[in-house]
Amino acid sequence: MNRREEPRSDTGAADTRARVFSRRGDDGGSERPVVPRAEFRSYYDRPVLKPPVWEWKIPAYLFTGGLSAGSAMLGAGADLTGRPGLRRAARVGALGSLVASMYLLVADLGRPERFLHMLRVAKPSSPMSVGTWILVAYGPGAALAGAAELVPPRLRATRPGRLLRWAARPAGLSAAAFAPGVASYTAVLLSHTAVPAWHEAHRQLPFVFTGSASASGGGFGMVFAPVAQAGPARRLGVVGATAELVASRLVDRRLGYAGQAYTTGRAHRLRRLSEYLTLAGAVGAASIARRSRVGAAASGLALLAGSALQRFGVFEAGVESTKDPRYVVVPQRERLEQTGRGSRQA
Amino acid sequence: MGVGDWVRSWPVYRQLTGTDRLGRGAAARSRRSAELTPRTASADRVVGSVCPFCAVGCAQKVYVKDERVIQIEGNPDSPISRGRLCPKGSASKQLVTGPQRQEHVLYRAPYASEWQRLDLDTAMDMVAERVLDARRRGWQDRDEQGRTLRRTMGLAGLGGATLDNEENHLVKKLFTALGAVQIENQARI
Amino acid sequence: MTRENSFYGPLEDPAADAGHLDHPERVGFFTDTSVCIGCKACEVACKEWNLVPEDGFNLLGMSFDNTGMLGADSWRHVAFIEQPRRLGGQDAGVAGLPTGPSRIEETTEVVSAALRETERGGGELGTESVDLGFPSFELPGAGNGAEARTDFRWLMASDVCKHCTHAGCLDVCPTGALFRTEFGTVVVQEDICNGCGYCVSGCPYGVIDRREGDGRAWKCTLCYDRLRDGLEPACAKACPTDSIQFGPLAELRERAQERLEQLHADGVSEARLYGESPDDGVGGHGAVFLLLDEPEVYGLPPDPVVPTRDAGAMWRSAAVAASAFVVAALSAFLGRARP
Amino acid sequence: MNADCIVIMGSNMAEAHPVGFQWVMEAKARGAEVIHVDPRFTRTSALADLHVPLRAGTDVAFLGGVIKYILDNDLDFREYVTAYTNASFLVDERYVDTEDLDGLFSGYDPETGSYDRSSWQYEGVDAEGADGVRAKEQSSSYEAGAGGAPLEGVGEGVASDPTLEHPRCVFQILRRHFARYTPEVVSTICGVPVDRFLRVCRAWTENSGRERTTALVYSVGWTQHTTGPQNVRAGSIIQLLLGNIGRPGGGVYALRGHANIQGSTDIPTLFNLLPGYLPMPDTSHENLAAYLENIRGKDQKGFWYNADAYTVSLLKEYWGEKATPENDFCFDYLPRINGDHATYRTVMDMVEGRVFGYFLLGQNPAVGSAHGHLQRMAMANLDWVVVRDLAMIESATFWKDSPEIETGEIVPEKCRTEVFFFPAASHVEKSGTFTQTQRMVQWRDQAVEPRGDQRSELWFFHRLGVLLRERLAGSTDERDRPLLDLAWDYAMEGDEPSAEDVLRRINGIDLRTGKPVNGYPELRADGTTSSGCWLYSGVFADGVNQAARRRSHLEQEAYDLEWGWTWPLNRRVLYNRASADPEGRPWSERKALVWWDAEKGEWTGHDVPDFERAKPPDYRPPAGAVGPEALRGDDPFIMQADGKAWLFAPSGLVDGPLPTHYEPHESPVRNLLYGQQGSPARKVYGRPDNPSNPAPPEPNLDVFPFVFTASRLTEHHTAGGMSRQVPYLAELQPALFVEVSPELATERGLAHLGWAHVVTSRGAVDARVVVTDRMTPLRLPDRVLHQVWMPYHFGQSGVVRGDVVNDLIGVVVDPNVFIQESKVLTCDVQPGRRPRGRALLEYLEGYRRRAGVTEETGTRIATAGRLDPPAHTERT
C-alpha cells in the first residue's frame with residue numbers, strides 16, 4: 001500500500017470552509033480535519049458512507065471477547081503449571097466474559113431471534129462468519145472449563161461433577177487453542193470494512209487487539225487471583241500492555257490521512273486515557289502488584305479499563321471517519337491522482 | 001422434513017457439495033428467493049387506465065388481486081407515454097389505496113365544531129332538498145327588461161377538470177335543467 | 001470453483017463465480033445523468049413496487065433533494081447539484097445580469113453544518129427522518145458584489161446500489177442473506193437477514209442500511225422479483241426521459257461508451273463514466289453512470305475499493321498477532337520459575 | 001417530436017409534464033435546439049440549450065420583438081403567409097392602432113373599460129358581436145375554443161392585396177403595430193440582454209421554413225395573466241409567420257394541468273358554454289333562430305356554419321323526444337346568462353349572501369383558487385357546501401381549521417354553513433374518458449369497486465337527478481319542465497349509469513336507426529340526430545368505443561391512429577392541410593404530413609387529413625356557397641369563418657385584434673411603450689376585500705417592491721389534495737419554501753432554510769427560505785429588479801402542511817376567458833415568521849396604509865391620454 005504523506009494543513013487564506021469548521025470547537029469533538037478546498041469536493045458535506053449501525057455493544061464485545069481469550073490462555077497455563085487460584089479466576093473470567101460476549105453479540109442484532117442464521121453459511125470472505133465459527137469452536141471449551149470451576153462443593157462428588165472436573169483440562173486447552181483466534185479476528189472484523197479508519201489500520205489493529213486482550217486477561221488475573229499465583233498474569237499484562245501501546249502509536253502515525261480520526265476528537269481522548277491507564281497498569285504490574293493485593297487489584301483494573309477504552313476509542317475513530325466524507329474522498333482522490341487516473345477538470 | 005433434507009437444505013452443506021464453495025450465491029439462496037415471483041404475476045386481472053394527475057394522459061395498467069389494487073404502472077403500449085410515469089403517476093397506487101381515502105359520508109351541521117357520520121341515502125335526500133330550496137330562492141324568471149332568464153342564481157358548482165367527460169356531461173346537463181348557470185371548473189383558474 | 005479473482009479484479013461472470021449454472025445474462029442499469037430531469041419518479045416507483053416506507057418529511061435545503069442519500073428506505077436517490085459553472089453546450093442565461101457572487105458555497109455550508117449536528121452526521125439520510133431545524137448563521141463573504149456570477153448549471157442524478165462485481169456488503173454478510181443472484185445482481189434476502197449490520201460498514205458507497213424498527217438491512221434488489229418474470233425494474237420503467245436504462249450489462253456498457261462519445265462530440269467535455277471499468281476497485285458496477293462532474297460531487301466515492309481486496313493482508317497480520325499472543329502467554333508462564 | 005427547435009415559454013414542462021418532456025429530450029438528442037424562456041431557472045432550464053430569464057408578465061413584449069425581427073428581416077415563410085393567413089386582407093378604414101392611440105385600439109370606452117370592435121373588421125365585412133360590454137361580461141372569447149369567431153359576409157372573399165403592400169392590409173398593420181418592439185426595447189422591458197434575445201430570434205427563424213419547423217410550448221405561465229390570451233396570440237402570430245402551424249414539428253402546444261381539463265372545456269362545466277364550444281344563450285336570444293343567427297355568420301365559410309345541427313342535436317340529447325321542431329327543440333328550457341357568472345364573481349356573490357349552495361367536485365378552492373381568504377370567507381357564508389373528493393381537503397374543513405379561525409374571522413360556533421363530505425370514487429374505481437392535452441380521448445376501464453360510500457360523480461349526479469325528479473313529479477310549475485322532461489334514461493350498470501352509454505350519447509345517435517353517428521358531418525338540424533357534444537362525434541364511430549382502442553404504438557405508424565381517439569374525427573394534427581402547399585404537395589419531403597393524391601382524387605398522408613377528403617386543392621366554391629362548401633381547396637383553416645389563420649383577429653377577442661405589451665395589473669414598472677399601463681380591458685373587481693397593490697402611475701410602489709410568481713413542483717399536484725396526502729410524494733417536497741436570489745437574500749437579510757414571510761395587500765404567508773443561484777435579479781433602466789417564486793401546493797391539512805400561497809393573490813382577470821392574473825404580482829419579503837391571529841390583520845392593514853391601498857387602487861384601468869380615469873369599483 002502506498003505510504004501517503006500527511007495531509008497538508010490548510011494555510012490557504014481563502015478557505016472559508018475551513019474557517020467555518022474550525023469555529024465549531026465547542027467540545028473539540030467534531031472538528032473536521034483541515035483540507036485544502038481544491039482537493040476536496042463533496043455533496044453538501046454529507047457522508048459518503050453509512051456510519052456503522054453498531055452501538056456500544058460491539059466495542060464492549062471487542063473488550064469482553066479479548067478478555068475471554070486472554071483469560072482462557074491464562075487459565076490453561078495456570079492449570080498446566082499448577083496455579084489453582086489463578087486457574088479458577090481465569091477460567092471463570094473466560095466464561096463470564098464469553099457469556100457477556102454472547103449477550104452483546106445477540107442483542108446487537110436487528111433481529112436477535114435470528115442469531116442462529118449465523119450458522120447458515122461458512123463464508124471465508126466474511127470475518128464475522130469466520131469469527132462465528134471460531135466462537136463455535138472456542139465456546140464449548142471455555143464454557144466447560146469455567147463451569148467446572150463453578151461446580152458447588154456438594155456436587156463435586158456426583159458423577160456429573162466428576163466428569164466435569166475430568167473434562168476441564170482438555171476443555172481449557174481447547175479453549176486456549178482457539179483463544180488466539182478469538183483475540184485477533186475482531187481486528188479483521190473491523191478492518192474488513194469500508195470504514196476508512198478501520199480499514200487503513202488493518203496491519204496494526206490485530207496487534208492492538210491481541211495486546212489489549214493480553215493486557216485485559218492479565219489485569220483480570222491480577223484482580224482476582226492471589227498475588228502469589230498471579231505472576232503470569234502480571235507478566236502477560238505487562239507484555240500485552242506494551243504491545244498495545246506500541247501498536248496503538250503505530251496506528252496514530254502510519255495511517256496517513258485516516259490517522260486523523262484517531263488523533264482528533266473523542267476517539268483521541270478515549271485512546272489517550274486508555275494509554276495512561278494501560279501504562280499505569282503495566283508499571284503497577286511490574287512493581288506494587290507483586291507486593292500488595294490492593295496494588296495488584298488497582299493495576300489490574302487499570303489494565304482492564306485501558307483495554308476497554310482502547311476498544312471504544314478505536315470504534316469511535318471508525319465511526320467518525322464515516323461521518324466525514326473527507327476520509328473517503330481525499331485519500332481516494334490522491335490515489336487517483338498519483339496513478340494518473342484522476343479526471344479532474346478545471 | 002427429514003433430517004437428511006434438513007441437512008441438504010443447510011447452505012453449508014450446499015457450499016461443500018455444490019458449485020458455490022464460498023457461499024455467496026447459489027448455496028446461500030433461501031427457499032423464498034428460489035420461489036420468488038413479482039406480485040403482478042398473481043393478479044386476477046390487469047385493467048387499462050389513464051393517469052389521473054396532469055393532462056399528458058399517460059396510460060396505466062392497474063393490477064387487481066382479490067378486488068384490491070396491488071400495483072399500478074405505466075402501459076408500454078401507449079404512444080404518448082411509452083410506459084413511463086412521473087413521480088405522481090408512480091404514486092397512483094398510494095393515491096387510490098392509501099389511508100387518506102375517505103370512505104364515509106361526513107356531515108357538519110350548522111354551528112357544529114365536529115363532523116358526524118351520515119347515511120349515504122339520507123345525505124342524498126338532504127342534498128336534494130337543499131338544491132330545490134336554493135334553486136327556488138335564487139330563481140329569476142326575467143330580467144328588468146322583461147327578457148327571459150329562466151334560471152337560478154342560488155347554487156353554484158366548481159369542478160370538472162378531474163372528472164370524466166361522461167360525468168361532466170351529466171353535471172352540465174343537470175345544472176342546465178335546474179336552471180343553474182354558475183358551474184365552473186379549473187379551466188378558468 | 002474458487003478462482004483467484006473471486007475477491008478482486010476483473011471477473012467475467014460473477015453469477016457463475018457464485019455457483020449459478022446456466023444463468024441468464026448479467027443485467028444492470030445505465031444511468032445517464034445528462035438527460036435526468038430530477039423528477040424523482042424513480043424514487044416513487046421503487047417505493048411503490050418494493051413497499052419501501054417513507055423516510056421522513058424534512059426540508060433539507062439541498063437544492064430540490066429532500067431524500068439526501070440512499071438508505072434502508074431510499075433505494076433510489078436523486079441528487080441535485082447547483083454549480084456556478086457552465087454546462088457544455090448550454091447558456092444558462094446568467095451572464096449580463098446584475099448578479100453578485102454565487103451563494104452556493106454558503107448555502108451548502110448551512111446544510112452541511114446542520115447535518116453534522118445529527119446523530120449519524122447525515123448518514124441517517126435515506127433511512128430516517130432528519131430534522132435540520134432552522135440553522136442560520138452569518139454567511140461569509142455574502143453580497144460584496146465583487147465577483148458577479150456569470151455561469152450556472154444544475155446537475156441531477158439518480159443514484160442507486162451499484163451491484164458491484166465484488167460487493168463489499170455481500171462478502172461480509174455472515175448469514176448468506178446477501179447473495180449474488182443468477183442475474184449477477186446483489187440482493188438481501190429479507191427472510192434470512194438478522195440485522196447484524198456488517199454490510200452497512202462493508203459497502204464502500206454507503207448504500208445499504210438497517211431499517212429502524214424492522215432491524216434488517218435493505219437496499220435496491222434491482223427488482224429481483226420482477227426480473228424473474230422478465231419484467232424491467234420499476235425505476236427504469238418509470239423514468240420519463242430514459243435517464244435510467246435497464247438491460248444486459250455488456251450492452252449497457254457499450255451504450256454508455258457511445259453516449260459518452262456523443263456528448264464529447266457535442267461539446268460536453270465534462271461527461272465521464274463511473275463504474276464501467278472492470279479494472280476498478282470493485283471489478284466494475286452492475287449500475288453504470290454517466291456523470292457530468294467528479295463522483296464525489298454527487299456524493300459518490302471517487303475510487304472505492306472492495307474491502308475484501310485486502311483480506312489476505314488482514315488475516316496474515318492477524319495470524320502474526322495471534323502468534324505473538326501465544327508467545328506472550330507462553331513467556332508469561334515460562335519467564336520465571338514457579339515461586 | 002419532429003421539431004428542429006423547441007421554444008418553451010410560460011411553461012415548466014420538465015417539472016409539470018415530465019412524461020411529455022421525453023419527446024423534447026428525444027428531439028434534443030436528434031439535434032433540436034431547446035430554448036426555455038422563464039423567470040426562473042427550473043428543471044426545464046437545466047436540460048435546455050438556452051435559458052432566458054425574463055421579467056414575469058412581459059411575454060408579449062418579448063414575442064412582439066420576435067415578430068418585429070421576423071418582419072424586419074423578411075424571415076417569414078412568405079408563400080405560407082400569403083396563402084394561408086389573413087395577411088393580405090384589408091382592414092376597415094376606421095381601424096386605429098395602438099401606435100396612434102398611446103396603447104389603445106380604436107373603439108375604447110374608458111367608462112366601461114371595453115371596446116366597440118366594429119372598426120377592427122375587414123373592409124366591407126359587418127361587425128358581429130361587436131358589443132364589447134356584453135362580450136366582456138360573458139367571456140365570449142371562450143366560445144372560439146373549437147370554431148373561430150363568427151364573421152359576416154366573408155363567403156365571397158375579403159378584399160385583399162396578395163402583394164401585401166397595401167397600407168391597410170394585415171401584414172402592413174402588423175409591421176406598424178410592432179414597430180416599437182426593437183431588441184433594445186425588449187431588453188429594457190423584459191430585463192433580457194440584447195444578444196440573448198437575438199439568439200432566440202435567430203434560433204427560432206433559422207429553424208423554421210420549408211425544410212424546418214419549430215414547436216412552441218406554453219402552459220399557465222402564459223394564460224394566468226390579464227393578457228393571457230394575447231400571450232398565446234403573440235406566439236401564434238410568430239408560428240404563422242414562420243409557417244409552423246399544421247405541420248410536423250410545428251404547432252403551439254398548450255400543456256394542460258389536469259387529467260381532464262381539456263375535456264371539461266370541450267364538454268364544459270363552465271357558465272358561458274354549452275358542449276362543443278356552443279355559447280350559453282343569453283338574454284338577447286329569444287329563440288333558437290336568434291341564437292343561431294348570433295353565433296355564426298349568415299354566409300360564413302367553414303364547418304362552424306353547421307352550428308345549427310350541433311345545437312339541435314345537443315337539445316335532442318338533453319330533452320330527447322320532448323325536443324321537437326314545434327317547440328324549438330326545447331331551446332327555451334335553457335337558462336340564459338346576462339353577465340359574468342364566472343367562479344370569482346360567484347364567490348363574491350357568496351360573500352354578499354346571494355348564493356346559498358355550492359358543489360365542489362374534486363376541486364379545492366380554499367387552497368387552489370386565487371385569493372384563498374376570499375374563497376373561504378365565501379364558503380363560510382353559504383347555507384350548504386357539498387364537497388366530493390378522494391380525501392379530506394381544506395375546502396371541507398374551513399369551518400374548523402382555516403387560517404381565519406386563527407384570526408377570528410371565522411368562528412365555528414357562528415358559522416352556519418352545512419357541509420356534506422361525500423367520498424369520491426377514484427380513477428380506477430370507475431370507467432370513463434379523460435381528454436388529454438392534445439385532444440386525445442382515452443378510455444379507462446374500471447378496475448375495482450369503490451368502497452364504503454365512495455361513489456363516482458356519474459352515480460352522484462344521476463342519483464341526484466332521480467331524486468329531484470321524484471320530488472318534482474306532478475309539478476305543474478313551468479320552471480320544472482326542463483327537469484321533468486330531461487332525457488335521464490341512460491343504460492344502467494347496477495345503480496350507476498353506464499359510462500359507455502353516456503359516451504355513446506355524447507357521440508350522438510342517428511335517431512332514425514338508433515345507431516351511433518360516425519362523425520359530426522352526419523349531424524342534422526332537423527331533429528333526427530342527437531349528440532351531447534358534436535366535437536366528440538366519431539368517438540363511437542361504427543358503434544365502437546374508439547377511445548378504448550389500445551393498439552401498441554410498436555405496431556403502428558408514426559401517428560398511432562389506433563390508440564385512443566382524438567377530436568375532431570381522430571385528426572392528430574389540427575389544420576394539417578397546411579402541411580402541404582396550395583397545390584397540395586408537401587412543402588418539403590422532410591416535413592411531409594398530408595398531401596393530395598391526384599390519382600386517387602383524395603387527401604392522404606400519415607395523419608387523418610383535417611380537410612374534406614375529396615376536395616381537390618384547386619377547388620373554388622360556386623357563387624353563393626356557404627359553410628364547408630364555401631371553403632376553397634386551399635383554405636386549410638376549416639373552422640375559421642374565412643378559412644384562413646388570423647394574424648390579425650377582427651373578432652373573437654375583446655381586448656384587441658393584436659397583442660400589445662401591457663404591464664401586469666400589479667407591476668413595479670411603468671409601461672415603457674405606451675401611456676396605457678395595463679390591459680385597458682382587464683376585469684377588475686374593486687372591493688374592500690379584494691385590494692390591489694399599487695402600480696404606476698399610482699404612488700407608493702416601494703411598499704411592494706418585488707415581483708412575485710408561483711407555480712408547481714413535479715412532486716406535487718395543484719392544491720395538494722392528491723399529493724400532500726400521499727406520503728411518497730409529500731416526503732419529496734415536505735415544506736413550503738420561497739426561492740430568492742442571493743442578492744435579494746442579502747438585501748432583506750434572509751438566511752437559507754430560515755423563515756421568511758411574503759406579503760401582499762391580501763395576505764402574508766410563511767415559508768422557509770431557499771437562497772439559490774437559480775434566481776437572478778434583472779436589470780431595468782433605473783434599478784435592479786428582484787423576483788421571488790413559491791410553489792402553491794400547501795395548505796393546513798395533509799401529511800405535510802404550509803400556508804396557502806393563493807392567499808397572496810387577488811382577483812383580477814383577463815377579459816376574454818376570465819382567468820386570473822396569478823402568475824405575476826408585486827410583494828414584499830421579510831425575514832422571520834408572519835404575525836399570527838389578530839396581529840396578522842393589523843399587520844396587513846399597516847401595509848395597505850403605507851401603500852395607500854383603497855378599493856380604488858388598481859381599478860383606474862385607462863391610463864392613456866386621460867388625466868382622470870374612472871375607477872371601476874363595485875360601488876361605481
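How far apart do the end C-alpha atoms of residues 44-100 of chain B lie, and how much of the span is helix and how much is strand? I began my notebook with this stretch, keeping in mind throughout that I was reading a predicted model.

**Entry 1: the annotated stretch of chain B**

I looked up the record before the geometry, and found that UniProt, in an unreviewed entry, lists residues 44-100 of chain B for "domain: 4Fe-4S Mo/W bis-MGD-type". I then turned to the model for my opening question, where the two end C-alpha atoms of this span are 25 Å apart, with 18% of the span in helix and 35% in strand.

**Entry 2: chain B as a whole**

I next stepped back to the full chain, for which I noted seven helices and eight strands. Its division is into domain 1 (3-34), domain 2 (39-97) and domain 3 (138-188), and I wrote down that the C-alpha centres of domain 2 of chain B and domain 3 of chain B are 34 Å from each other.

I wanted to know how the overall form of chain B compares with a compact globule, so I looked up its radius of gyration, which is 29 Å, whereas a compact globule of 189 residues would have one near 16 Å. The C-alpha trace of chain B, followed along its principal axes, spans about 100 × 45 × 25 Å. I also recorded that 58% of the 189 residues of chain B count as buried, and that, among contacts in chain B with a separation of 6 or more, 28% come from residues 24 or more positions apart.

**Entry 3: which chains touch**

I went through the pairs of chains, and of the five pairs that touch, chains B and D have the most contacts. Chains A and D, by contrast, do not touch, and their nearest C-alpha atoms are 13 Å apart.

For the pair B and D, I noted 127 residues of chain D in contact with 100 residues of chain B. On the side of chain D that touches chain B, helix α20 (residues 457-472) of chain D gives the largest share, 10 residues. Sorted by class, this side of chain D holds 62 nonpolar, 44 polar and 21 charged residues.

I also found strands that pair across the two chains: strand β4 (residues 106-108) of chain B and strand β12 (residues 418-423) of chain D run antiparallel, with three bridges between them. To fix one position on screen, I picked Leu106(B), whose bridge partner in β12(D) is Phe421(D).

For chains B and C, I noted 31 residues of chain B in contact with 33 residues of chain C. On the side of chain B that touches chain C, the elements giving two or more residues are α3 (31-34), β3 (68-74), α4 (87-90) and α5 (92-97) of chain B. That side of chain B has 12 nonpolar, 11 polar and eight charged residues.

**Entry 4: four cysteines in chain C**

I first noted the layout of chain C, which is divided into domain 1 (23-305) and domain 2 (307-339), with the C-alpha centres of these two domains 43 Å apart.

UniProt, again in an unreviewed entry, places the feature "binding site" at Cys46(C), Cys220(C), Cys223(C) and Cys235(C). Why do I say that they gather at one spot? They span 190 residues in sequence, but no two of their C-alpha atoms are more than 10.4 Å apart, so the four come together in the fold.

I then looked at two of these cysteines in turn. Cys46(C) sits in helix α2 (residues 41-50) of chain C, and Cys46(C) counts as buried because it has 27 C-beta neighbours inside 10 Å, where 20 or more are needed. Leaving out residues up to four places away in sequence, Cys46(C) touches Val52(C), Trp75(C), Arg76(C), Ala234(C) and Cys235(C).

Cys235(C) lies in helix α7 (residues 234-238) of chain C and is also buried, with 29 other C-beta atoms within 10 Å. Apart from its neighbours within four places in sequence, Cys235(C) contacts Cys42(C), Ala45(C), Cys46(C), Arg76(C) and Ile244(C).

**Entry 5: a covered helix in chain D**

My last look was at helix α22 (residues 499-507) of chain D, which is mostly covered, with eight of its nine residues buried. Among the buried ones I marked Glu500(D), Arg504(D) and Arg505(D), as well as Val502(D), Leu503(D) and Ile506(D). Just after α22(D) comes Gly508(D), which takes a positive phi of about 115°.

Methods
Residues numbered from 1 in each chain as written. Chains lettered and ligands numbered in written order. Predicted model: local features only at pLDDT ≥ 70, side-chain atom pairs only at ≥ 80, totals over all residues. UniProt positions renumbered as here; feature names shortened; annotations may be inferred. Helix = DSSP H or I, 4+ residues; strand = E, 2+ residues; numbered from the N terminus. Buried ≥ 20, exposed ≤ 12 C-beta atoms within 10 Å, placed from the backbone. Contact = placed C-beta atoms within 7 Å. Domains from an automatic or database assignment. Nonpolar A, V, L, I, M, F, W, Y, C, P; charged D, E, K, R; others polar. Pairing = 2+ DSSP bridges. Rg over C-alpha atoms; globule rule 2.2 N^0.38 Å.
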